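This report describes the fold of one protein chain and then turns to selected parts of it. The sequence and the structure are shown first.

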Amino acid sequence: MDIYTADLCDDFIDLLQVATPIGFKDYGAKKNFHGEIVTVKCFEKNPLVKQTLNTDGTGKVLVVDGGGSLNCALMGDNLAAMGIKNNWNGVVIFGCIRDSREIATMDIGVKALNTTPRKSIKIPEGEVNVKVSFADIDFTPGHYIYCDEDGIVVSKTKLV
């Protein structure tokens with residue numbers, strides 16, 4: 001079911017945090033996605049992203065705080081495929097992805113700042129399921145995120 005951020009803002013603006021448009025681009029074939037927030041905080045290291053996408057993501061969206069780094073990708077087509085296999089609705093990355101041509105054909109929502117061919121460091125450092133903040137939003141595990149071509153909004157409760 002498609003849920004549009006503009007409609008949510010019309011109906012629930014007092015319940016929403018609206019992301020500042022800092023340059024997120026849509027990369028996955030699914031442009032409209034939403035779900036319960038799960039977070040990973042990591043900087044230029046993606047093993048925790050892989051570990052999390054390898055769990056059941058039914059009804060969930062992974063929010064990755066990569067510190068806004070443009071130096072390396074925190075997800076590529078193999079991790080996107082893992083996310084699809086494990087029923088994740090989407091991934092929002094405050095950082096980069098790679099394999100964008102392949103991800104564009106995959107049935108998963110992916111928002112990221114940009115692309116780079118450089119892979120990340122494979123050291124499992126970071127934190128899982130902690131509050132992360134970027135784009136003037138606090139992404140809290142268990143809250144709900146809604147994404148489409150117009151942007152990203154977050155609510156403490158499931159709205160629809």
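## Contacts and overall form

In this predicted model, residues 24 or more positions apart account for 73% of those contacts in the protein chain that have a separation of 6 or more. The chain contains four helices and eleven strands. Its radius of gyration is 14 Å, close to the 15 Å that the globule rule gives for 160 residues, so the chain is as compact as a globular protein of that length. Along the principal axes, the C-alpha trace spans about 40 × 30 × 30 Å.

Of the 160 residues in the protein chain, 49% are buried. The exposed surface of the chain comes to about 7600 Å², and carbon and sulfur atoms supply 49% of that area. The chain carries 17 positive and 21 negative charges, and the mean positions of these two sets are 10 Å apart.

## Helix H3 and the loop after it

Which residues of helix H3 are buried? Helix H3 covers residues 77-85, and its buried residues are Leu 79, Ala 80, Met 82 and Gly 83. These residues lie on the same side of H3 because they cover an arc of only 155 degrees around the axis. The general geometry of a helix provides the background: an α-helix has 3.6 residues a turn, so residues three or four places apart point the same way. On the other side of H3, Asn 78 and Lys 85 are exposed.

The buried residues of H3 pack against two other helices, namely H2 (47-53) and H4 (100-103). 

The loop between H3 and strand E5 (90-97) holds Asn 86. Asn 86 counts as buried because its relative accessibility is 14%, which is under the 20% limit for that class. With its neighbours within four places in sequence left aside, Asn 86 is in contact with Leu 53, Asn 54, Thr 55, Asp 56, Gly 57 and Thr 58. Also just after H3, Asn 87 takes a positive phi of about 70 degrees.

## Thr 52 in helix H2

Helix H2, one of the helices against which the buried residues of H3 pack, includes Thr 52. Is Thr 52 buried or exposed? With a relative accessibility of 6%, Thr 52 counts as buried. Beyond its neighbours within four places in sequence, Thr 52 is in contact with Val 38, Val 40, Leu 62, Trp 88 and Val 128.

## Strand E8 and the loop to strand E9

Val 132 belongs to strand E8. Its relative accessibility of 1% places Val 132 among the buried residues. Val 132 and Lys 41 are 91 residues apart along the chain, yet their C-alpha atoms are separated by 7.0 Å. Lys 41 is also one of the contacts of Val 132; with neighbours within four places in sequence left aside, the others are Thr 39, Val 63, Asp 65, Ile 137, Asp 138 and Phe 139.

Strand E8 (132-134) is followed by a loop leading to strand E9 (137-139), and Ala 135 is found in this loop. Asp 136 is located there as well. Phi of Ala 135 is near 55 degrees, a positive value in a residue other than glycine. Asp 136 likewise has a positive phi, near 60 degrees, and is not a glycine. What are the accessibilities of these two loop residues? Ala 135 counts as buried at 9%, whereas Asp 136 is exposed at 64%.

## Glu 125 in the loop before strand E7

Glu 125 is found in the loop between strand E6 (109-115) and strand E7 (127-128). At 42% relative accessibility, Glu 125 counts as partly exposed. Outside its neighbours within four places in sequence, Glu 125 is in contact with Lys 41, Cys 42, Lys 45 and Leu 48. The C-alpha atoms of Glu 125 and Asn 32 are separated by 30 Å, and these residues are 93 positions apart along the chain.

## Accessibility of selected residues

The table collects the relative accessibility of residues discussed above.

| Residue | Relative accessibility | Class |
|---|---|---|
| Thr 52 | 6% | buried |
| Asn 86 | 14% | buried |
| Glu 125 | 42% | partly exposed |
| Val 132 | 1% | buried |
| Ala 135 | 9% | buried |
| Asp 136 | 64% | exposed |

Conventions: Residues are numbered from 1 along each chain as its sequence is written. This is a predicted model: local features need pLDDT of at least 70, side-chain atom pairs count only at pLDDT 80 or more; totals for chains, interfaces and linings use all residues. Side-chain values use heavy atoms; hydrogens and water are left out. Buried means under 20% relative accessible area, exposed over 50%, partly exposed in between (1.4 Å probe, protein chains only). The arc is that of the directions from the helix axis to the C-beta atoms. Contact means heavy atoms within 4.5 Å. The radius of gyration is taken over C-alpha atoms; the globule rule is 2.2 Å times the number of residues to the power 0.38. Accessible areas come from the Shrake-Rupley method with a 1.4 Å probe; for residues, only the protein chains shown count as cover. Lys and Arg count as positive and Asp and Glu as negative; His and the chain ends are not counted. The place of a charge is taken as NZ of Lys, CZ of Arg, CG of Asp or CD of Glu.
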